[in-house]
Amino acid sequence: MWKHAAVALGATFVMASAHAGEIYGNIGLPGVMIGYAQPLNTYFGVRADVATLGSRSANGTEEGIDYEGKARAHRAGVFGDWFVFGGGFRLTGGITYNDMRVDLEGRGNGGTIEIGDNTYVTQPGDSFDVRIEFPRVTPYLGIGYGHQPSGPGWGFVFDLGASIGKAKVRASTNIAGVTQEDIDRETEELRDGVGKVRAIPQLSIGVNYRF
């Protein structure tokens, strides 16, 4: 993913234009962001940036089952801006390259765990693992303010949009006796919940500096 980001940033830097470019930094969703924007004329510009929320982990216990969760969220994007009225307001479209997933591991440690329609007795070391992963490449649509052609100096930027894509859910277990039917049923229940999330939102504000 970061290779794609470097190529995109490099291509944006060398793009011929009569307008000076800018660097910018945002904070919000999808995290801390840094990028480069290049106006092409009064109405159009291109940008590329990278963003990250980092990695997180959390542990817990419920009904005798130990849970460990890990999540990470990194994103790179290439965008085109249309300054509809020739000012700061813009419509944005582009492509994002995502490394966003959640890993959940449930350990029974000798207790019981419900998978599908049945309850199973676990042994130490048994686990039921789930991975929720967003698509690697997604289209982006949004609106915003900033990055328009202007004189040198500081400015304000704002973005509201989403990378459109549905998360995938996969599950596996090493618990003895668990049927594939129960694994599929449990996965489908998880998929029904995650399926309501069909986009990765962006809501961020920041500052830019024009050369």
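This text goes through the aromatic pairs, one buried aspartate and the cavity of a predicted model. Residues are numbered from 1 along each chain as its sequence is written, and side-chain values use heavy atoms, with hydrogens and water left out. Because the model is predicted, local features need pLDDT of at least 70 and side-chain atom pairs count only at pLDDT 80 or more, while totals for chains, interfaces and linings use all residues.

Rings of Phe, Tyr and Trp (its six-membered ring) are taken as a pair if their centres lie within 6.5 Å; planes under 30 degrees apart are stacked, over 60 edge-to-face, and the rest tilted. By this rule there are five aromatic pairs. One of them joins F79 and Y140, edge-to-face, at 5.1 Å centre to centre and 75 degrees between the planes. F79 belongs to strand 4 (residues 65-82) and Y140 to strand 9 (residues 137-145), so this pair ties together parts 61 residues apart in sequence. Strands (E, at least two residues) are DSSP runs numbered from the N terminus. Both rings are buried (under 20% relative accessible area; exposed is over 50%, partly exposed in between, with a 1.4 Å probe and protein chains only): F79 has a relative accessible area of 4% and Y140 one of 2%.

W154 and Y209 also form an edge-to-face pair, because their ring centres are 5.1 Å apart and their planes stand at 65 degrees. This pair links strand 10 (residues 153-164), which holds W154, to strand 12 (residues 199-210), which holds Y209, across 55 residues. W154 is exposed at 64%, and Y209 is partly exposed at 32%. Ring pairs join W154, Y209 and F211 into a cluster.

Strand 10 also contains D159, which is buried at 2% relative accessibility. The D159 side chain makes a polar contact with that of R90 at 2.9 Å (N or O atoms within 3.5 Å, one able to donate a hydrogen and the other to accept it; residues adjacent in sequence count only if both atoms are side-chain atoms). Beyond neighbours within four places in sequence, the residues in contact with D159 include Y140, H147 and Q202 (heavy atoms within 4.5 Å).

Y140 appears again in the lining of the largest cavity, along with P30, R75, S163, I200, P201 and Q202. A cavity is a set of points on a 1 Å grid over the protein atoms alone where a 1.4 Å probe fits but cannot get out, and lining residues have an atom within 4 Å of a point. The structure holds one cavity of 30 Å³ or more, and the volume of the largest is about 30 Å³, counted as the space filled by probe spheres set on points joined across faces, edges and corners. Strand 12 gives the most to this lining, with three residues.

Technical notes
Helix = DSSP H or I, 4+ residues; strand = E, 2+ residues; numbered from the N terminus. 1 Å grid on protein atoms, 1.4 Å probe; cavity = no way out; pocket = protein on both sides within 12 Å on 5 of 7 lines; lining within 4 Å.
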